[in-house]
Each structure stands twice: as C-alpha cells, then as structure tokens.
Amino acid sequence: MRIECPCCGPRDHDEFRYGGDASVTRPAHGDPDPEAWYRYVYVRTNPAGLHREFWQHVIGCRQWLVVERDTRNHAIASVDLARKLPARKSPARKPSARKSPA
Ligand SMILES: [Zn+2]
C-alpha cells in the first residue's frame, strides 16, 4: 500500500504508523457522561468499505494525516493533513430520560 503524503509525495506504508479511527468524535472536555466516553474509547464500526483513519508519517515529515481508505482492497480515496481539517464538534447529547422528583 502506498500513501500519497501531501508534504513528501507517494511513500510506502512502512514509513507510516496507524493512529486509529478518524471517524470518532471525542466528547467535550469534562463531559461527565460515562456512556459517551465508553463509545469514544471502545465502540468502532469496522466497516467493509471506505474508512477514515489517522496515519502519521513517522519516517518522513512526521505530519498526522487523515486517510480515507477502502478496507476491502486498501485503495486510498483521499489524504489530507489532519491539522488542515476543521475540528469536529461533539454530537449533541440527548436529554436525560430521568426526571427529577418534584
Ligand atoms: Zn510526509
């Protein structure tokens, strides 16, 4: 698999380190909801198809990249510098189903 680094050009994937799923959204700092943190740390979709992933060019420019890769055949659809992408906001939480006693 070859990854087209925006800074260095096409390089073998051995020069990169996988950095995890780029499609998950980190809960807001201080979010007390344990379910939101559980989903952030443990729950993954594992799709058969396009998947957004973090990769770092460790033997190169050391930049973090967001790579959109097809998990079925490793075809890469896009590569962007992670720092150039807009920060994603945490999804709005549903209001609690519990009601406080009146
Ligand atoms: Zn690079």
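These questions and answers look at a predicted model of a protein with a zinc ion.

Reader: What makes Cys5, Cys8, His57 and Cys61 the donors of the zinc ion?

Author: Distance. A donor must be an N, O or S atom within 2.8 Å of the metal. Here the atoms are SG of Cys5, SG of Cys8, ND1 of His57 and SG of Cys61. They lie 2.1 to 2.4 Å from the zinc ion. So they count as donors. Along the sequence, their residues follow the spacing C-x2-C-x48-H-x3-C.

Reader: Why is the site of the zinc ion called tetrahedral?

Author: Look at the angles. Four donors count as tetrahedral if all angles lie between 85 and 135 degrees. The 4 donor atoms here give angles of 104 to 117 degrees. Therefore the site is tetrahedral. The ideal tetrahedral angle is 109.5 degrees.

Reader: Why is His57 called buried, and why is Cys61 called partly exposed?

Author: Buried means under 20% relative accessible area, and exposed means over 50%. His57 has 0%, so it is buried. Cys61 has 25%, which falls in between, so Cys61 is partly exposed.

Reader: What is said about phi of Arg62?

Author: It is positive, near 65 degrees, in a residue other than glycine. Arg62 sits in the loop between strands S4 (50–56) and S5 (64–70). Its relative accessibility is 49%; exposed needs over 50%, so Arg62 counts as partly exposed.

Reader: How do you know where caution is needed, and which residues have pLDDT under 50?

Author: Residues 94–100 do. The model gives them 0 contacts beyond four places in sequence. Where pLDDT is low, predicted coordinates should not be read in detail. The protein averages 88.

Methods:
Residues numbered from 1 in each chain as written. Predicted model: local features only at pLDDT ≥ 70, side-chain atom pairs only at ≥ 80, totals over all residues. Heavy atoms only, no water. pLDDT = per-residue confidence, 0-100. Contact = heavy atoms within 4.5 Å. Donors = N, O, S within 2.8 Å, 3.2 Å for Na, K, Ca; no water. Tetrahedral: all angles 85-135°; square planar, octahedral: opposite > 155°, others 65-115°. Buried < 20%, exposed > 50% of the residue type's maximum accessible area, 1.4 Å probe, protein only. Helix = DSSP H or I, 4+ residues; strand = E, 2+ residues; numbered from the N terminus.
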